[in-house]
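Q: Please take a close look at the part of this model that faces the DNA, and then follow it outward into its surroundings. I would like one connected account rather than a list.

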Protein chains: 2
Amino acid sequence: MPDHDPTRAQTASSEVVRDINRRIVLNLVRKRHPISRADLARLSGLQRSTISLIIEQLIEENWVIEGPTGRLPRGRRPTFLRLNDERVIIGVDIRPTQTTVALADANGKFTSQEVIPTPGDPKTATDGLIEAIQRIIAGCRRKKIEGIGISLPGRFNQGAGRLVFAPNLNWREFDLATPIVKATGLEVELENAANACVLAAMWFDRMEECRNFVVVTVSEGIGTGILANGQLVRGLTGMAGEFGHVPLDHDGPECGCGSRGCWEVYASNRAALRYYFESGPAGDNLSFVDLLSRADHGDARAVKAVETMAHYLGRGMRMIVAGLAPERIIVVGDLTRAWHRFGPVIEAEVQDQVLPGGCAPRLVPAHEDGMARLRGTIALVLQKHFSV
Amino acid sequence: MPDHDPTRAQTASSEVVRDINRRIVLNLVRKRHPISRADLARLSGLQRSTISLIIEQLIEENWVIEGPTGRLPRGRRPTFLRLNDERVIIGVDIRPTQTTVALADANGKFTSQEVIPTPGDPKTATDGLIEAIQRIIAGCRRKKIEGIGISLPGRFNQGAGRLVFAPNLNWREFDLATPIVKATGLEVELENAANACVLAAMWFDRMEECRNFVVVTVSEGIGTGILANGQLVRGLTGMAGEFGHVPLDHDGPECGCGSRGCWEVYASNRAALRYYFESGPAGDNLSFVDLLSRADHGDARAVKAVETMAHYLGRGMRMIVAGLAPERIIVVGDLTRAWHRFGPVIEAEVQDQVLPGGCAPRLVPAHEDGMARLRGTIALVLQKHFSV
DNA sequence: CCGATATAGTTTGAATCGGAAACAATCCCG
DNA sequence: CGGGATTGTTTCCGATTCAAACTATATCGG
C-alpha cells in the first residue's frame, strides 16, 4: 500500500471556488473603492447574483461595509461598498536607530503612529516594543486588530521567527516573534525590510500588473527584494536577496559579513561617507544626508563621493539585470532625495551592459521612503486574507 | 462606467475545480504509474467516486489507459492505470554543432532519435530540421503528436518565437517557430537550454518537492535556469538567467556579448582550454573532453587549467547563492564527467561565503547531460496539459 | 403625471462538481 | 461455501456559479 503523501497536491472543491472568488472580490473592493456590486460584476466577470452572495458573506464577516448610494444618469442608484475600517493592523518598522509603531486600516491608511529608539540589545528592544504596541492597542478599543507585521533589516527562519542575520542591527540570534505573541495574543509576521518594500509596492502602488521587479534598499547596507512571476522570492532559508554581499572585488575592504569587497562596501551610504573622508578632511559625525546637502552646495569632494557610490550601485545592479531581467528596479533610501545625481549615473552604468535582445529595466526612485516599509508590514498581514 | 479590465483576475467556477483535480490526477498517474483508482484516491485525498469520474474522462480523452489487473492479499483486484503511450511529443535540442530530434511518449520515454549537424546559417538549419521532423512524423502513424518542443542555447521573444540572442550559435535575429508550425501544423514551443534543464529536473527527476533550485549549464558559455517558488523565472523579455554575462572583472578579456570579463569568460569550457594554451604548448584542435582526459592521465598543466575553471565556477555561483538562496544547484555539462575534480573546488568556494544563518545549497552534477535538455523539451509541451 | 427606458440588486432554477455512504464486484482464506 | 477485505460504482446531498427572470428605483419626454 502506498504511503499517504502528506505533501500531496492541493485538490479543489466548491469551497475553494468560493474562496478564490471571495479574494478576488475583496481585492477589487480594496483597490477600487468606493464601488458598487454591479461594477464588481463587470470588473470580475462574475455574475451579479454571485457578487451579491459573496458581498453578503463579506459584510457578515465585517470585511466590507455599505456606504452611501451613488448617482447615475438613469436607473436605480448603486450602493457603494468599501472596506470596513474597523479592521486594523499594527505595523512595526525596526531600523538601526529608531523603531516606528503604527496603526493602519485595511486600506493602508495610517491612523496613529509612534517612534521609539531602537536599543542595541534585542531583549530591551523587544520589551520597549511590546510597551509601544500595547499603547497602540489601548488606543483602539472596539476595533478588530488583525495582526502585527514587523519589518527589520535582517533575516530569520520563516515560521519560527528567529532572527539569524542582522549585521546592521548588530543583534545576535534572537526570537523576536514569540514574546510579542505572548504579550498581545495577536499573530505576528516578520519580514525583511527589502521584502516589505516589495509588498508595499505590490499592494499600495498599483503595481499589480508588474509581476517582475526588484527593490534595492540603500542605507547602511544594501538589501534587495525580488518579485518573480508575481511572487516574493524568499529562497530556501529566507536568505534570497543578499546581492549586497556578493563581492565585486575579492581584495576589497572588509565587510561586516566577514567577506571582502562586497557590493554594499562600495555602494552603501557608509561607502559614500568613506569616499568623502578618504579624499580629505571632514567634520565629525557627518551623516549621509549631510553629505548630500554638501554636494548640493557645491562641495566638489562630496559630489565626487556621491558619484562614485552611484557608479558602484549601477555596477552591482548588473547582476540583477542580467540574472533576473526585471521590468523595474525600485530604489529605496535617502539617496532618492538626490536622484538628479544618482539616476543618470546608475542608468548609464546599467544601460552599458544590456545584452542584445534584452531591455533595460525602468529605474524608479521610491519616494516617501519611511512609509514604504511600514506599508509593507500592513500588506504582510493583509495578504493572508486578500492574496489570491 | 468602468472599463472592462481585460487583465482581470481569473475567477473560478465548477469547471475550474474539475480542471485542477484532473491535472492533479493526471500527474499522479504520470509519476506513480502503474496505479489503481483506489491508490489515486488515497494519494490525492479525493473520494474514490470522484477519481472514478475523472479517470473516466481521462480515458475518453485518450490520456490514460487501463492496464492489467493487480493482485492483493485480499479483496477485489485493482485495475492498473497508466498514461497512453499513443500520445507522443517531438523534442528538438539544438546545439552549436549538432541537433537532436527525438520522439517521446508522455512518460518521457524516447522511442526514436536522430542526430543531424547544425549548419551555421539559421535558414539552412531550419530547412534541415523540418526534414528531420517530418521523417519522425512519418515514422509514427496512428499516434497523436501533441506538439514540438525545442531547446536552444539562446534567448527569444516569448510568444513570438523570434530568436534575439544566441551568441554561441552565431545566429542573428531569426524567426524559428513560424516555418516549423507552417510545415507541420503542430504547436511549437521554444525554450532556452538552461530553462529546459530546469523543466527536465522538475518533471522527470522527482524534484517536485524542491521548489527553489538553479541549473547551471557549462559548455561554450554558461547559462542558468532559475526555479523560484516552483516556477520558472523568465523575466520581462525572457532574458532572466544570464548570470554568465555578469562581469567578474571589468578589465578582463573580451566576451562574445560585447562586454569584458564576464563570468563565462573565466569559467566555461573555452576558458579552461585558454588557461591550458596559455600555460605552454598544446596540440591543435584540443577539445574540452580531451583536456579532462589529459588531466586524468597526469598532465599537471591540464589539472591546473581545470582547477582554475572550477575555482571561477564557484566564485560566480556566489552571486546565485547570495541572491537567490536556492536549495540546490544542478550543474550540467561535460565537466560532470570529471566531477571528482570540480565538485570539491566549487563546493569549497561556495561554502567560503555562506552568510550566517544561510545554508549552502546542495551542489548536484546532472548526469546524462544530453538527455536533460531533450527531456526538458518534452516537459515543455506536456506542461500545458499537466501542470497544476 | 405617467409610461418608456435604463440600471442596480435579488430571486429562482439548472448545471457542475466533490463528499459521503451505500452498494456491487471480486478475491482470499479457512 | 461463507466471512472479511478491498476495489470500483451508484446514488444522493450540499456548495457553488450561471443565466434569466424579476423587483426596485432612477431619469426623461410628452
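The DNA-facing surface and its surroundings

A: Sorted by class, the residues that form the surface near DNA strand D are 7 nonpolar, 14 polar and 9 charged. The model is a predicted one, and what follows should be read in that light. In total 30 residues surround DNA strand D, and those that come nearest are Arg37(B), Ser49(B), Ser52(B), Gly75(B) and Arg76(B). Although these nearest residues belong to chain B, the elements that give two or more residues to this surface come from both chains, being helix H1 (14-32) and H3 of chain A together with H2 and H3 of chain B. The largest share, 5 residues, is supplied by H1(A).

The surroundings of DNA strand C can be described in the same terms. Here 29 residues lie around the strand, with Arg37(A), Ser49(A), Ser52(A), Gly75(A) and Arg76(A) coming nearest. Two or more residues are given to this surface by each of four elements, namely helix H2 (37-44) and helix H3 (48-60) of chain A and helix H1 (14-32) and helix H3 (48-60) of chain B. H1(B) provides the largest share with 5 residues, and the division by class is 7 nonpolar, 13 polar and 9 charged.

Two of the elements just named, H1(B) and H3(B), also pack on each other, with their axes 10 Å apart and an angle of about 80° between them. Since angles of 65 to 115 degrees count as roughly perpendicular, the two helices H1(B) and H3(B) are therefore described as roughly perpendicular to each other. On the H1(B) side the contact is made by Asn21(B), Arg22(B), Val25(B) and Leu26(B), and on the H3(B) side by Ile51(B), Ile54(B), Ile55(B), Gln57(B) and Leu58(B). By class, the residues of this contact divide into 6 nonpolar, 2 polar and 1 charged.

H1(B) appears once more where the two protein chains meet. That contact takes 58 residues from chain A and 57 residues from chain B. On the side of chain B that touches chain A, at least two residues each are supplied by H1, helix H2 (37-44), strand E8 (162-165) and helix H10 (300-324) of chain B. H1(B) gives the most to this side, with 6 residues, while the class division of the side as a whole is 28 nonpolar, 20 polar and 9 charged.

Strand E8(B), one of the elements on that side, can be followed into a sheet. Three strands of chain B form an open sheet in the order E7-E8-E9, with antiparallel pairing, and its edge strands, each pairing on one side only, are strand E7 (155-156) and strand E9 (174-175) of chain B. E8(B) is joined to E9(B) by 2 bridges, and Leu163(B) has Phe174(B) as its bridge partner in E9(B). In chain A, strand E7 (residues 155-156) and strand E8 (residues 162-165) run antiparallel and are joined by 2 bridges, with Arg155(A) opposite Phe165(A); E8(A) is in turn joined by 2 bridges to strand E9 (residues 174-175) of chain A, again in the antiparallel sense, and Leu163(A) stands opposite Phe174(A) there.

Chain A also holds an open sheet of 5 strands in the order E5-E4-E3-E6-E10, with mixed pairing. Its edges are strand E5 (110-117) and strand E10 (188-192) of chain A, each pairing on one side only, and neighbouring strands are turned by 20° against each other on average, when direction is ignored. Strand E4 (residues 98-105) of chain A pairs with E5(A) in the antiparallel sense over 7 bridges, one pair of bridge partners being Leu103(A) and Ser112(A). Helix H4 (residues 122-139) of chain A lies across strand E3 (87-94), E4, E5 and strand E6 (144-152) of chain A, and runs at about 155° to E5(A). Helix H6 (residues 193-204) of chain A packs on the sheet as well, touching E6 and E10 of chain A, with its direction at about 100° to that of E10(A).

A word on confidence closes the account. Chain A has a mean pLDDT of 91, with 96% of its residues reaching 70 or more, but over residues 1-7 of chain A the pLDDT is below 50, and this stretch has 6 contacts in the model beyond near neighbours in sequence.

Note on methods. Residues numbered from 1 in each chain as written. Chains lettered and ligands numbered in written order. Predicted model: local features only at pLDDT ≥ 70, side-chain atom pairs only at ≥ 80, totals over all residues. Near = placed C-beta within 6 Å. Nonpolar A, V, L, I, M, F, W, Y, C, P; charged D, E, K, R; others polar. pLDDT = per-residue confidence, 0-100. Contact = placed C-beta atoms within 7 Å. Pairing = 2+ DSSP bridges. Axes fitted to C-alpha atoms, helices over the stretch in contact; angles between N-to-C directions. Parallel < 35°, antiparallel > 145°, perpendicular 65-115°, else oblique.
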